[in-house]
Amino acid sequence: MTVQNLSQAKLIVVKVGSSLVTAEGKGIDQIALNRWATQIAELKAKGTDVIFVSSGAIAEGIKRLGWAKRPTALNELQAAAAVGQMGIAQAYEYAFAYHGIQTAQVLLTHEDLSNRTRYLNARSTLLTLVEKGIVPIINENDTVTTDEIKLGDNDTLGALVTNLVDADALMILTDQSGLYDSDPRKNPQAKFIHQIEADHPELESMAGGAGSSVGTGGMYTKVTAAKRAALSGASTVIASGREPNVLVRLQQGESIGTLFTSTHSRVAARKQWLLGHVQIAGKVVVDEGAARAVAQKHASLLPVGCIAVEGHFHRGELVAVLDSDGKEIARGLSNYSSEETAKLLRTDSEHIVAKLGYAHEEELIHRDNMALHW
């Protein structure tokens with residue numbers, strides 16, 4: 001995905017920093033939120049769905065609590081987040097309601113994205129919201145995070161969400177215009193970079209430290225987020241959130257900010273991740289028709305084609321797909337546990353609810369989460 005064909009993007013993740021959301025810590029900037037809602041409404045009207053990652057809860061909480069500066073104690077940061085999250089959610093709901101768009105608040109932690117079951121649940125929730133025309137407003141769940149599970153900044157969260165939902169692009173709106181080859185605050189001769197590969201070996205050395213006392217992220221976290229997003233084939237744009245109509249202009253192909261291009265194939269990156277796992281949690285044996293559909297057509301594996309299940313595995317864990325001769329033909333992430341799979345053997349997808357009382361997905365393993373065994 002490049003700036004020139006960004007108009008073809010079907011799903012993008014937009015991340016906005018604390019300094020923009022809260023006017024440098026002075027309080028929620030409702031006018032700014034209204035502008036982004038207007039731009040996103042225009043993008044949606046043109047066929048581009050948006051997931052919004054917003055910082056600002058802690059900064060807003062600090063303001064509401066009357067504290068002079070950002071605290072360092074974790075319990076005080078969590079308290080500020082709890083207070084500020086109320087205002088952030090209300091402000092976004094108000095901004096989007098003007099355009100007849102519903103919003104949903106989604107709070108995530110690192111555990112949600114590292115645990116495969118929670119990962120799949122989060123993915124399903126976000127994609128369902130998008131399918132229903134709702135704009136998810138995502139923030140890190142700062143009210144419960146600890147040092148062990150804290151993501152650290154919403155730039156990282158934006159990249160993880162981009163990979164989670166297979167978004168076409170990540171747009172990071174900040175109080176800076178983009179990336180320079182050195183810190184422009186220290187070097188007046190610093191050269192602005194309009195486009196660069198996310199895997200460029202000197203990328204990190206070009207980035208400086210945090211530039212604001214309000215948020216936790218600096219340019220370094222943004223370029224590392226671009227590198228992370230590139231692993232799933234997504235490009236990233238870092239641009240000023242104060243640039244007029246920035247999201248619409250980017251979608252129209254205008255060169256604003258810095259574009260980080262990806263050299264990774266989305267399918268290749270996923271296959272590499274799946275096939276790189278030495279251990280599998282279980283096995284599923286399929287009939288001849290299902291084996292042919294998976295191996296030759298790279299189709300999703302449906303329960304109706306499964307004839308046996310081996311081992312004990314949970315939803316979201318990696319399983320091997322075997323043909324009737326016991327040969328591994330693929331491996332992928334199961335949408336159902338081994339116990340659920342055993343109940344669904346030779347079951348048509350439309351009868352899953354009748355067997356289980358619920359349905360996670362119509363596929364046992366979706367083709368996007370499956371790699372053929374070469």
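## Exercises on a predicted chain

Of the 374 residues in the chain, buried residues make up 52%, and the model from which this value is computed is a predicted one. The secondary structure comes to 14 helices and 13 strands.

**Exercise 1.** Determine in which order the strands of the open sheet of 5 strands are arranged, and which of them stand at the edges.

*Solution.* Begin with the arrangement: the open sheet runs in the order 10-9-11-12-13, with mixed pairing. Next, look at the two ends of that order: strand 10 (306–311) and strand 13 (370–372) each have a single partner strand, so each is left with one side that has no neighbour in the sheet. From one strand to the next, the twist averages 25°. Finally, turn to one pair in detail: strand 9 (residues 282–286) and strand 10 run antiparallel and are joined by 5 bridges, and Gly 282 has Gly 311 of strand 10 as its bridge partner. As background, strands of a sheet pair through backbone hydrogen bonds, in either a parallel or an antiparallel manner.

**Exercise 2.** Classify the crossing of helix 3 and helix 4, and describe which kinds of residue make the contact.

*Solution.* The first step is the geometry: the axes of helix 3 (residues 57–65) and helix 4 (residues 74–97) come within 6 Å and cross at roughly 95°. Angles of 65 to 115 degrees count as roughly perpendicular, and the two helices are therefore roughly perpendicular to each other. The second step is the contact itself, to which helix 3 contributes residues including Ile 58, Ile 62 and Leu 65, while helix 4 contributes, among them, Leu 77, Val 83 and Ile 88. The third step is to sort the residues of this contact, which divide into 9 nonpolar, 4 polar and 2 charged.

**Exercise 3.** For Asp 166 and His 298, locate the residue in the chain and decide whether it is buried, partly exposed or exposed.

*Solution.* Most residues other than glycine have a negative phi. Asp 166, by contrast, has a positive phi near 55°, and His 298 has a positive phi near 50°. As for location, Asp 166 lies in the loop between helix 7 (154–164) and strand 5 (169–174), whereas His 298 is found in the loop between helix 12 (288–297) and strand 10. The cut-off for a buried residue is a relative accessible area under 20%; Asp 166, with 14%, is therefore buried, while His 298, at 23% relative accessibility, counts as partly exposed.

Methods:
Residues numbered from 1 in each chain as written. Predicted model: local features only at pLDDT ≥ 70, side-chain atom pairs only at ≥ 80, totals over all residues. Heavy atoms only, no water. Helix = DSSP H or I, 4+ residues; strand = E, 2+ residues; numbered from the N terminus. Buried < 20%, exposed > 50% of the residue type's maximum accessible area, 1.4 Å probe, protein only. Pairing = 2+ DSSP bridges. Axes fitted to C-alpha atoms, helices over the stretch in contact; angles between N-to-C directions. Parallel < 35°, antiparallel > 145°, perpendicular 65-115°, else oblique. Contact = heavy atoms within 4.5 Å. Nonpolar A, V, L, I, M, F, W, Y, C, P; charged D, E, K, R; others polar.
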